[in-house]
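Got your viewer open and a free hand for the selection box? Load the model, colour it by secondary structure, and let's take a walk through it.

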Amino acid sequence: MDRITRAKLPRWLRIALVAGILILVTGASLFAYRWYVRPTTLTIAVGSLDGEASRLVSAFAGKLTQLNAPVRLGMVETPSALDAANLFSSGKVDLAIVRGDIGDLSQAQAVVVVAHAVALLVAPPGSAITDIAGLKRVTVGVVGGEINRKVVQVLTNEYDLARANVTFKNLAPSEVRRALDAKEVRAILIVVPLVEKYLALVRGIFSQNAKSAPVLLPVDAAGAIAEKERAYESFDVPKGTLRGSPPIPSDDLTTLRVTYYLVAQKKLDNDLITDLTQSLMNARRDLLPELPMLAQVTAPDLDSDAFVPVHPGAAAFFNGTQQSFLDKWGNAIFLAPMIAGGLLSVLAAAWKFLRAGEGETREEALDLLYALGRRIRDAGKVPELDEIERQIDRVLETQRSNPVKGDQDAQDVTALNVAAHRLENLIHDRRSALASQHGNPAGT
């Protein structure tokens, strides 16, 4: 759109057009910014028999919101860790808290270790059973049932418990005390973190006093089991863990340990998981005083051959190799001057558009007049020439109102008049040519 065409538009219409474009660009920019910085919500499957896992995730989710973290958690509750693992393996959630020996973890990559759970084989006070060999022809209650099926399997295979006629019976936590009192089971298998909440649960199952206490059975083959089943590791329960005086166990006790992980789908973006990991560890620091169990939240095994491989985004955080500010925004910083230059050009064009045809400088007026020469030569009808004459008149009228200051302005006024006179001659010649073409010597 040239200056002459723009000059035809009323000033109010030009202002409205520029204002409309400015509003659209501003709105689009704000929308793009809000979309870019909006927090990402990841769904997380959580399940536990006592609801503790859900409580921890709820605390994390609330703290992430409070800290305005770039990643948020949307919790999906399930009845157990097995159900959470199944939901994750089906791809229906982004994250899950899973136990290393449960479910299909082929698509899982570790973000953090949530807790370590220890397998405890416990016989009631006064029992003659002191080791796994003493379980021959005994029924063992398995607290949690299905989620501990793998533990039962590895113990059975390692110690040939099927040949020893050892029977395992699934029990809900609320059924354990009754089953022991009724002699339905002679020992229990429970897999829990060694934190006060669960140690108190184990103590509460058995009637005990200073002279009698439950008997913890060692899993001496824990090392051999761990070599064959990588979900497990050999672990020594410290002396006095269950009770301090007299200590239970009376010495460090070997058993199996399994890990609870927060895992993410492999397909999730590395930067997203880096942000998640950093946000979780910051939240952990703030939540630790009220939730001591979070002391077990640590970095996963960062080795390439880890049982549950670490997600590259989490590894970047724990290794300190996450992208720096310049790495992330270097391109934007490089492009910023170019973008700023483009914006200035747009603003200049908008300003020129707003003032087109109003108070042009004499230099601009000259440019306008010179541009009319080609239009005159190309004009095919007399009305086009009439319109060009009116445009010349408007330019001259506008310039007449501008005061003449100095020799340069006087020279410009002279140049304007010369240009206008030349254009009038061109118009006259073009009228004559058009009249001749139409056989009308009068040009009418």
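What follows is a list of stops, each with something to select and a note on what is there.

**The whole chain**

Keep in mind throughout that this is a predicted model. With everything shown as cartoon, you are looking at 14 helices and twelve strands. The protein has 444 residues, and 41% of them are buried. Take the contacts between residues at least 6 apart in sequence: 78% of these join residues at least 24 apart.

**Stop 1: helix α3**

Select residues 52-66. That is α3, a helix of 15 residues. From first C-alpha to last it reaches 21 Å, close to the 21 Å expected at 1.5 Å a residue.

Now show its side chains. Which residues of α3 are buried? Colour E52, A53, S54, L56, V57, A59, F60, A61, K63 and L64, and you have them. Note that E52 and K63 are in that set.

To see what covers these buried residues, add the strands β1 (40-47), β2 (71-78) and β3 (95-99) to the view. The helices α7 (196-205) and α9 (270-287) are also part of the cover.

**Stop 2: the end of α3 and its surroundings**

Step just past α3 and pick N68, in the loop between α3 and β2. Its phi is near 55°, a positive value in a residue other than glycine. Is N68 buried or exposed? Its relative accessible area is 61%, so N68 counts as exposed.

One residue on is A69, which makes a good anchor for a distance. Measure in your viewer from its C-alpha to that of R38: the two are 31 residues apart in sequence and 9.9 Å apart in space. R38 sits in the loop between α2 (11-37) and β1. With a relative accessible area of 42%, R38 is partly exposed.

**Stop 3: the largest cavity**

Go back to α3 and look for enclosed space. The structure holds four cavities of 30 Å³ or more, and the largest has about 120 Å³ of space in it. Select I44, L56, V57, F60, L73, I97, V112, V114, L262, L280, L294 and V297 to display its lining. The elements that give two or more residues to this lining are α3 and β4 (108-123). α3 gives the most, with three residues. What kinds of residue make up the lining of the largest cavity? Twelve are nonpolar, with no polar and no charged residues.

**Stop 4: the second largest pocket**

Next, centre the view on S48, L49, D50, Y198 and Y260. Of the 26 residues that line the second largest pocket, these are the closest to its centre. The volume of this pocket is about 510 Å³.

α3 and β4 turn up here as well: along with β7 (187-193) and α7, each supplies at least two residues of the lining. Which element gives the most to the lining of this pocket? Pick out β7, with four residues. Colour the lining by residue type and you get 18 nonpolar, five polar and three charged residues.

**Stop 5: backbone details**

Switch to sticks for a few spots along the chain.

- R137: look in the loop between β4 and β5 (139-143). R137 has a positive phi of about 60° although it is not a glycine. At 60% relative accessibility, R137 counts as exposed.
- α5: select residues 149-159, where V151, V152, V154, L155 and T156 are the buried residues. Just after this helix, D160 takes a positive phi of about 50°.
- P246: this proline is in the loop between β10 (243-244) and β11 (247-248). The peptide bond leading to it from S245 is cis, with omega near -15°.
- P249: move on to the loop between β11 and β12 (253-265). The peptide bond from I248 to P249 is cis, with omega near -5°.

**Last stop: the aromatic pair**

How many aromatic pairs does a search of the whole structure find? It finds one. Select F317 and F318: their ring centres are 5.2 Å apart and their planes lie at 70°, so the pair is edge-to-face. F318 has 22% relative accessibility and counts as partly exposed.

Notes
Residues are numbered from 1 along each chain as its sequence is written. This is a predicted model: local features need pLDDT of at least 70, side-chain atom pairs count only at pLDDT 80 or more; totals for chains, interfaces and linings use all residues. Side-chain values use heavy atoms; hydrogens and water are left out. The expected span of a helix is 1.5 Å times one less than its number of residues. Buried means under 20% relative accessible area, exposed over 50%, partly exposed in between (1.4 Å probe, protein chains only). Contact means heavy atoms within 4.5 Å. On a 1 Å grid over the protein atoms alone, a cavity is a set of points where a 1.4 Å probe fits but cannot get out, and a pocket is an open set with protein on both sides within 12 Å along at least five of seven lines; lining residues have an atom within 4 Å of a point. Grid points are joined across faces, edges and corners, and a volume is the space filled by probe spheres set on the points. Ala, Val, Leu, Ile, Met, Phe, Trp, Tyr, Cys and Pro count as nonpolar, Asp, Glu, Lys and Arg as charged, and the others, Gly among them, as polar. Rings of Phe, Tyr and Trp (its six-membered ring) pair if their centres lie within 6.5 Å; planes under 30 degrees apart count as stacked, over 60 as edge-to-face and the rest as tilted.
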